[in-house]
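Visitor: I have a structure open in front of me and would like to learn how to read its features. Could we walk through it together?

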Amino acid sequence: MTTTHYVYFQDSQSMPQVKSQSMQLMLTSCPYGTIKDYGNPDQIGFYDSIPEYYRKLGNVWTESIRALCPGGRMCINIGDQYVRAVKGTPYQILPLHAYLVSDIMAHHSDNLVYLGSIIWQKIPNTKTTGGASVMGSYPYPRNGYVSYNFEYIAIFKKLGKDPRPSKEIKAQAKMTKEEWRKLFNGIWQFNGVRQIDHIAVFPDELARRLIRMFTFPGDNVLDTFLGSGTTAKVAYEDGRNSIGYELGFGSGIDYTREVIKKKIHFYDVPVSESAAIFPTLV
Ligand SMILES: C[S@@+](CC[C@H](N)C(=O)[O-])C[C@H]1O[C@@H](n2cnc3c(N)ncnc32)[C@H](O)[C@@H]1O
(Lines give C-alpha, C1' and ligand atoms only; values in the text may rest on other atoms or scores of the structure.)
Protein backbone atom coordinates (compact mmCIF):
# COMPACT_ATOMS: atom_id res chain seq x y z
CA MET A 1 0.00 0.00 0.00
CA THR A 2 1.38 3.42 -0.92
CA THR A 3 1.02 6.02 1.80
CA THR A 4 1.69 9.76 1.95
CA HIS A 5 3.36 11.77 4.67
CA TYR A 6 3.51 15.50 5.20
CA VAL A 7 5.51 17.56 7.67
CA TYR A 8 4.62 21.20 8.25
CA PHE A 9 7.16 23.30 10.09
CA GLN A 10 4.52 25.47 11.67
CA ASP A 11 2.71 26.20 14.90
CA SER A 12 0.02 23.55 15.37
CA GLN A 13 -2.32 26.00 17.07
CA SER A 14 -3.57 26.50 13.53
CA MET A 15 -3.49 23.67 10.99
CA PRO A 16 -5.07 25.03 7.80
CA GLN A 17 -3.55 22.25 5.67
CA VAL A 18 -5.59 19.58 7.46
CA LYS A 19 -9.10 19.01 6.14
CA SER A 20 -11.89 18.84 8.67
CA GLN A 21 -12.93 15.29 9.63
CA SER A 22 -10.08 13.77 7.61
CA MET A 23 -7.99 12.09 10.33
CA GLN A 24 -8.83 8.84 12.10
CA LEU A 25 -6.24 9.29 14.87
CA MET A 26 -4.44 12.18 16.52
CA LEU A 27 -1.50 10.90 18.48
CA THR A 28 1.03 13.16 20.15
CA SER A 29 3.17 13.95 23.17
CA CYS A 30 2.87 17.41 24.68
CA PRO A 31 5.74 19.83 25.13
CA TYR A 32 6.86 19.39 28.74
CA GLY A 33 5.86 22.78 30.14
CA THR A 34 8.62 24.65 31.89
CA ILE A 35 11.00 21.72 32.35
CA LYS A 36 12.12 21.32 28.73
CA ASP A 37 13.35 24.03 26.44
CA TYR A 38 13.11 22.88 22.82
CA GLY A 39 15.03 25.95 21.73
CA ASN A 40 12.32 27.77 19.77
CA PRO A 41 11.13 31.11 21.23
CA ASP A 42 7.58 30.39 19.98
CA GLN A 43 7.31 26.95 21.59
CA ILE A 44 4.37 26.10 23.80
CA GLY A 45 5.24 25.59 27.45
CA PHE A 46 8.72 26.68 28.35
CA TYR A 47 8.03 30.40 28.77
CA ASP A 48 4.37 30.03 29.74
CA SER A 49 2.49 30.15 33.02
CA ILE A 50 0.31 27.10 33.60
CA PRO A 51 -2.91 28.88 32.44
CA GLU A 52 -1.12 30.13 29.31
CA TYR A 53 0.25 26.62 28.63
CA TYR A 54 -3.26 25.16 28.77
CA ARG A 55 -4.74 28.00 26.73
CA LYS A 56 -2.25 27.36 23.89
CA LEU A 57 -2.59 23.59 24.14
CA GLY A 58 -6.36 24.18 24.00
CA ASN A 59 -5.97 25.79 20.56
CA VAL A 60 -4.16 22.67 19.38
CA TRP A 61 -6.89 20.36 20.71
CA THR A 62 -9.64 22.45 19.11
CA GLU A 63 -7.88 22.14 15.76
CA SER A 64 -7.26 18.43 16.32
CA ILE A 65 -10.91 17.76 17.10
CA ARG A 66 -11.91 19.63 13.94
CA ALA A 67 -9.51 17.43 11.97
CA LEU A 68 -10.78 14.16 13.47
CA CYS A 69 -13.46 12.14 11.74
CA PRO A 70 -16.49 11.14 13.81
CA GLY A 71 -15.45 8.28 16.07
CA GLY A 72 -11.77 9.24 15.67
CA ARG A 73 -9.42 9.05 18.66
CA MET A 74 -7.18 11.68 20.22
CA CYS A 75 -4.36 10.14 22.29
CA ILE A 76 -2.10 12.46 24.28
CA ASN A 77 1.06 11.36 26.05
CA ILE A 78 1.76 13.57 29.07
CA GLY A 79 3.70 13.21 32.31
CA ASP A 80 3.15 15.04 35.57
CA GLN A 81 5.86 17.46 36.53
CA TYR A 82 7.81 17.79 39.71
CA VAL A 83 8.86 21.14 41.10
CA ARG A 84 12.11 21.23 43.04
CA ALA A 85 12.17 22.78 46.47
CA VAL A 86 13.49 26.33 46.24
CA LYS A 87 13.63 29.07 48.84
CA GLY A 88 10.70 28.13 51.00
CA THR A 89 8.62 26.49 48.26
CA PRO A 90 8.37 22.78 49.04
CA TYR A 91 8.97 19.97 46.57
CA GLN A 92 5.70 19.15 44.86
CA ILE A 93 4.03 17.59 41.84
CA LEU A 94 2.04 19.52 39.23
CA PRO A 95 -0.73 17.16 38.12
CA LEU A 96 -0.48 18.11 34.43
CA HIS A 97 -2.36 15.03 33.28
CA ALA A 98 -5.31 15.76 35.57
CA TYR A 99 -5.39 19.39 34.43
CA LEU A 100 -5.21 18.31 30.78
CA VAL A 101 -8.16 15.92 30.99
CA SER A 102 -10.35 18.33 32.93
CA ASP A 103 -9.45 21.24 30.66
CA ILE A 104 -10.27 19.28 27.49
CA MET A 105 -13.54 18.00 28.88
CA ALA A 106 -14.52 21.45 30.17
CA HIS A 107 -14.26 22.82 26.63
CA HIS A 108 -15.21 19.91 24.40
CA SER A 109 -17.70 17.66 26.17
CA ASP A 110 -20.28 18.46 23.47
CA ASN A 111 -18.33 16.50 20.87
CA LEU A 112 -15.80 14.41 22.77
CA VAL A 113 -15.77 11.72 25.44
CA TYR A 114 -12.85 10.73 27.66
CA LEU A 115 -12.06 7.01 27.54
CA GLY A 116 -9.51 6.84 30.36
CA SER A 117 -5.74 6.82 30.41
CA ILE A 118 -3.07 4.21 30.02
CA ILE A 119 -0.23 4.37 32.50
CA TRP A 120 3.07 3.92 30.69
CA GLN A 121 5.57 2.69 33.23
CA LYS A 122 9.14 3.09 32.07
CA ILE A 123 12.66 2.90 33.30
CA PRO A 124 13.56 6.55 32.91
CA ASN A 125 16.74 7.49 31.14
CA THR A 126 16.49 11.15 32.05
CA LYS A 127 15.57 12.79 35.32
CA THR A 128 13.05 15.11 33.72
CA THR A 129 9.94 13.66 35.33
CA GLY A 130 11.37 13.08 38.77
CA GLY A 131 13.40 9.99 38.01
CA ALA A 132 13.08 6.70 39.81
CA SER A 133 16.01 7.17 42.13
CA VAL A 134 15.77 7.20 45.89
CA MET A 135 14.42 10.59 46.85
CA GLY A 136 13.91 12.45 50.09
CA SER A 137 14.85 11.38 53.59
CA TYR A 138 15.98 7.81 52.79
CA PRO A 139 16.42 5.62 54.84
CA TYR A 140 14.08 7.25 57.37
CA PRO A 141 10.44 8.32 57.30
CA ARG A 142 8.69 10.73 56.80
CA ASN A 143 10.03 12.69 53.93
CA GLY A 144 10.34 10.15 51.16
CA TYR A 145 8.77 10.92 47.78
CA VAL A 146 7.08 8.72 45.22
CA SER A 147 9.28 7.83 42.24
CA TYR A 148 7.88 9.29 39.05
CA ASN A 149 8.75 6.53 36.63
CA PHE A 150 5.57 6.70 34.57
CA GLU A 151 3.61 8.89 32.20
CA TYR A 152 0.05 8.82 30.94
CA ILE A 153 -1.62 8.40 27.57
CA ALA A 154 -5.02 10.09 27.79
CA ILE A 155 -7.54 8.76 25.27
CA PHE A 156 -10.52 10.73 23.90
CA LYS A 157 -13.11 9.82 21.27
CA LYS A 158 -14.89 12.23 18.99
CA LEU A 159 -18.61 11.59 19.05
CA GLY A 160 -20.38 10.23 15.98
CA LYS A 161 -20.32 7.14 13.85
CA ASP A 162 -16.88 6.16 12.64
CA PRO A 163 -16.31 5.26 8.99
CA ARG A 164 -16.47 1.52 8.28
CA PRO A 165 -13.53 -0.11 6.51
CA SER A 166 -13.96 -2.64 3.70
CA LYS A 167 -14.07 -6.34 4.60
CA GLU A 168 -10.53 -6.83 3.27
CA ILE A 169 -9.06 -3.96 5.26
CA LYS A 170 -10.90 -5.07 8.37
CA ALA A 171 -9.46 -8.57 8.01
CA GLN A 172 -5.93 -7.12 7.72
CA ALA A 173 -6.30 -5.37 11.06
CA LYS A 174 -7.66 -8.36 13.00
CA MET A 175 -5.93 -8.96 16.36
CA THR A 176 -5.46 -12.10 18.40
CA LYS A 177 -7.00 -12.13 21.86
CA GLU A 178 -3.49 -12.06 23.32
CA GLU A 179 -2.53 -8.95 21.36
CA TRP A 180 -5.81 -7.24 22.21
CA ARG A 181 -5.31 -7.87 25.93
CA LYS A 182 -1.76 -6.59 25.81
CA LEU A 183 -2.68 -3.38 23.97
CA PHE A 184 -5.86 -2.54 25.87
CA ASN A 185 -4.33 -3.28 29.27
CA GLY A 186 -4.37 -0.15 31.46
CA ILE A 187 -0.66 -0.42 32.23
CA TRP A 188 2.08 -0.59 29.64
CA GLN A 189 5.64 -1.44 30.54
CA PHE A 190 8.46 -0.69 28.16
CA ASN A 191 11.52 1.50 28.22
CA GLY A 192 11.93 5.01 26.99
CA VAL A 193 14.52 5.64 24.29
CA ARG A 194 17.92 7.29 24.48
CA GLN A 195 17.58 10.98 23.74
CA ILE A 196 20.16 11.67 21.08
CA ASP A 197 19.04 14.26 18.52
CA HIS A 198 15.98 15.54 20.41
CA ILE A 199 15.33 15.89 24.12
CA ALA A 200 11.89 14.25 24.38
CA VAL A 201 11.53 11.38 21.93
CA PHE A 202 8.97 8.70 22.67
CA PRO A 203 9.67 5.09 21.64
CA ASP A 204 8.32 3.66 18.36
CA GLU A 205 6.46 1.13 20.51
CA LEU A 206 4.18 3.82 21.95
CA ALA A 207 3.11 5.08 18.52
CA ARG A 208 2.89 1.56 17.10
CA ARG A 209 0.50 0.37 19.81
CA LEU A 210 -1.87 3.32 19.43
CA ILE A 211 -1.86 3.10 15.64
CA ARG A 212 -2.66 -0.61 15.88
CA MET A 213 -5.43 -0.06 18.43
CA PHE A 214 -7.24 2.78 16.72
CA THR A 215 -6.62 2.70 12.97
CA PHE A 216 -6.96 0.45 9.94
CA PRO A 217 -4.37 0.22 7.16
CA GLY A 218 -4.67 3.28 4.91
CA ASP A 219 -6.08 5.50 7.70
CA ASN A 220 -4.68 8.97 8.45
CA VAL A 221 -2.70 9.81 11.57
CA LEU A 222 -1.96 13.35 12.80
CA ASP A 223 0.81 14.33 15.23
CA THR A 224 0.59 17.96 16.34
CA PHE A 225 4.03 17.91 18.04
CA LEU A 226 6.04 15.72 15.69
CA GLY A 227 9.47 16.25 17.27
CA SER A 228 11.99 13.89 15.70
CA GLY A 229 9.33 12.26 13.50
CA THR A 230 8.55 9.05 15.42
CA THR A 231 4.83 9.02 14.54
CA ALA A 232 5.52 9.56 10.83
CA LYS A 233 8.12 6.78 10.82
CA VAL A 234 5.80 4.26 12.48
CA ALA A 235 2.81 5.29 10.35
CA TYR A 236 4.93 4.70 7.25
CA GLU A 237 6.15 1.32 8.46
CA ASP A 238 2.62 0.24 9.33
CA GLY A 239 0.87 1.41 6.15
CA ARG A 240 -0.91 4.50 7.49
CA ASN A 241 -0.75 8.05 6.08
CA SER A 242 0.50 10.82 8.32
CA ILE A 243 0.62 14.56 8.85
CA GLY A 244 2.96 16.11 11.41
CA TYR A 245 3.41 19.66 12.70
CA GLU A 246 6.64 20.77 14.30
CA LEU A 247 7.73 24.28 15.11
CA GLY A 248 11.44 23.41 15.05
CA PHE A 249 13.77 22.47 17.89
CA GLY A 250 17.45 22.44 18.79
CA SER A 251 19.50 24.90 16.79
CA GLY A 252 16.74 25.68 14.28
CA ILE A 253 14.74 24.52 11.31
CA ASP A 254 17.69 23.11 9.33
CA TYR A 255 18.72 21.03 12.31
CA THR A 256 15.09 19.89 12.74
CA ARG A 257 14.90 18.81 9.11
CA GLU A 258 18.14 16.87 9.45
CA VAL A 259 16.89 15.02 12.54
CA ILE A 260 13.62 14.10 10.86
CA LYS A 261 15.45 13.07 7.70
CA LYS A 262 17.70 10.80 9.72
CA LYS A 263 14.76 9.04 11.32
CA ILE A 264 12.54 8.91 8.26
CA HIS A 265 14.89 7.45 5.70
CA PHE A 266 12.37 7.89 2.88
CA TYR A 267 12.21 11.65 3.44
CA ASP A 268 14.09 12.56 0.33
CA VAL A 269 12.08 15.22 -1.46
CA PRO A 270 13.44 18.76 -1.25
CA VAL A 271 11.48 20.80 1.22
CA SER A 272 9.67 24.01 0.37
CA GLU A 273 9.44 27.07 2.61
CA SER A 274 7.16 25.64 5.23
CA ALA A 275 6.15 22.18 4.17
CA ALA A 276 8.00 19.02 3.42
CA ILE A 277 6.06 16.55 1.37
CA PHE A 278 7.47 13.12 1.03
CA PRO A 279 5.49 10.53 -0.82
CA THR A 280 6.63 7.11 0.19
CA LEU A 281 8.24 4.74 -2.22
CA VAL A 282 6.85 1.38 -1.26
C1 LIG B 1 7.53 16.06 23.53
S2 LIG B 1 8.18 16.67 22.04
C3 LIG B 1 7.61 15.53 20.82
C4 LIG B 1 8.55 14.39 20.60
C5 LIG B 1 8.08 13.33 19.62
N6 LIG B 1 6.96 12.56 20.14
C7 LIG B 1 9.21 12.39 19.25
O8 LIG B 1 9.07 11.16 19.42
O9 LIG B 1 10.25 12.87 18.79
C10 LIG B 1 7.21 18.12 21.77
C11 LIG B 1 7.57 18.90 20.51
O12 LIG B 1 6.63 19.95 20.36
C13 LIG B 1 7.27 21.00 19.63
N14 LIG B 1 6.44 22.21 19.77
C15 LIG B 1 6.34 23.06 20.83
N16 LIG B 1 5.43 24.01 20.59
C17 LIG B 1 4.93 23.77 19.33
C18 LIG B 1 3.95 24.40 18.53
N19 LIG B 1 3.29 25.48 18.95
N20 LIG B 1 3.67 23.88 17.31
C21 LIG B 1 4.34 22.77 16.86
N22 LIG B 1 5.29 22.14 17.59
C23 LIG B 1 5.59 22.62 18.80
C24 LIG B 1 8.66 21.07 20.28
O25 LIG B 1 9.60 21.69 19.41
C26 LIG B 1 8.95 19.57 20.50
O27 LIG B 1 9.71 19.06 19.43
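Guide: Gladly. This is a predicted model. Let us begin with the ligand: 21 residues surround it, and Y38, F225, G227, S228 and T230 come nearest.

Visitor: How do the residues of the shell around the ligand divide into nonpolar, polar and charged?

Guide: The shell holds 10 nonpolar residues, nine polar ones and two charged ones.

Visitor: Now a helix. What span should the 13 residues of helix α2 have?

Guide: Counting 1.5 Å a residue, helix α2 (residues 96–108) should span 18 Å, and its end C-alpha atoms are indeed 18 Å apart, so the two values agree.

Visitor: Which residues of α2 are buried?

Guide: First the general idea: an α-helix has 3.6 residues a turn, so residues three or four places apart point the same way. In α2, the buried residues are L96, H97, L100, V101, I104 and H108. They cover an arc of only 135 degrees around the axis, which puts them on the same side of α2.

Visitor: And what covers the buried residues of α2?

Guide: The cover includes α1 (50–67), β3 (68–78) and β6 (112–121), along with β4 (81–83), β5 (92–94) and β7 (150–158).

Visitor: Let us turn to strands. Which residues of strand β9 are buried on each side?

Guide: In β9 (residues 220–223), N220 and L222 are buried on one side, V221 and D223 on the other, and both faces are covered. For its pairing, look at both neighbours. Strand β2 (residues 23–29) runs parallel to β9 and is joined to it by two bridges, with L25 partnered by V221. Strand β10 (residues 241–245) also pairs with β9 in the parallel sense, over four bridges; there L222 has I243 as its bridge partner.

Visitor: Is G72 buried or exposed?

Guide: G72, in strand β3, counts as buried because it has 26 C-beta neighbours inside 10 Å, where 20 are enough. G72 also shows how distant parts of the chain meet: L25 is 47 residues away in sequence, yet 5.6 Å away in space, C-alpha to C-alpha. Beyond residues up to four places away in sequence, G72 touches M23, Q24, L25, K158 and D162.

Visitor: Which backbone angles deserve a look?

Guide: Try omega in the loop between β6 and β7, where P139 and R142 are found. The peptide bond from Y138 to P139 is cis, with omega near 10 degrees, and the bond from P141 to R142 is cis, also with omega near 10 degrees. For phi, K87 has a positive value of about 30 degrees although it is not a glycine. K87 is in the loop between β4 and β5 and counts as exposed, with 4 C-beta neighbours inside 10 Å.

Notes:
Residues are numbered from 1 along each chain as its sequence is written. This is a predicted model: local features need pLDDT of at least 70, side-chain atom pairs count only at pLDDT 80 or more; totals for chains, interfaces and linings use all residues. A residue is near a molecule or strand if its C-beta atom, placed from the backbone, lies within 6 Å of it. Ala, Val, Leu, Ile, Met, Phe, Trp, Tyr, Cys and Pro count as nonpolar, Asp, Glu, Lys and Arg as charged, and the others, Gly among them, as polar. The expected span of a helix is 1.5 Å times one less than its number of residues. A residue is buried if 20 or more other C-beta atoms lie within 10 Å of its own, exposed if 12 or fewer, and partly exposed in between; C-beta atoms are placed from the backbone. The arc is that of the directions from the helix axis to the C-beta atoms. Two residues are in contact if their C-beta atoms, placed from the backbone, lie within 7 Å. Two strands pair if DSSP finds at least two bridges between them.
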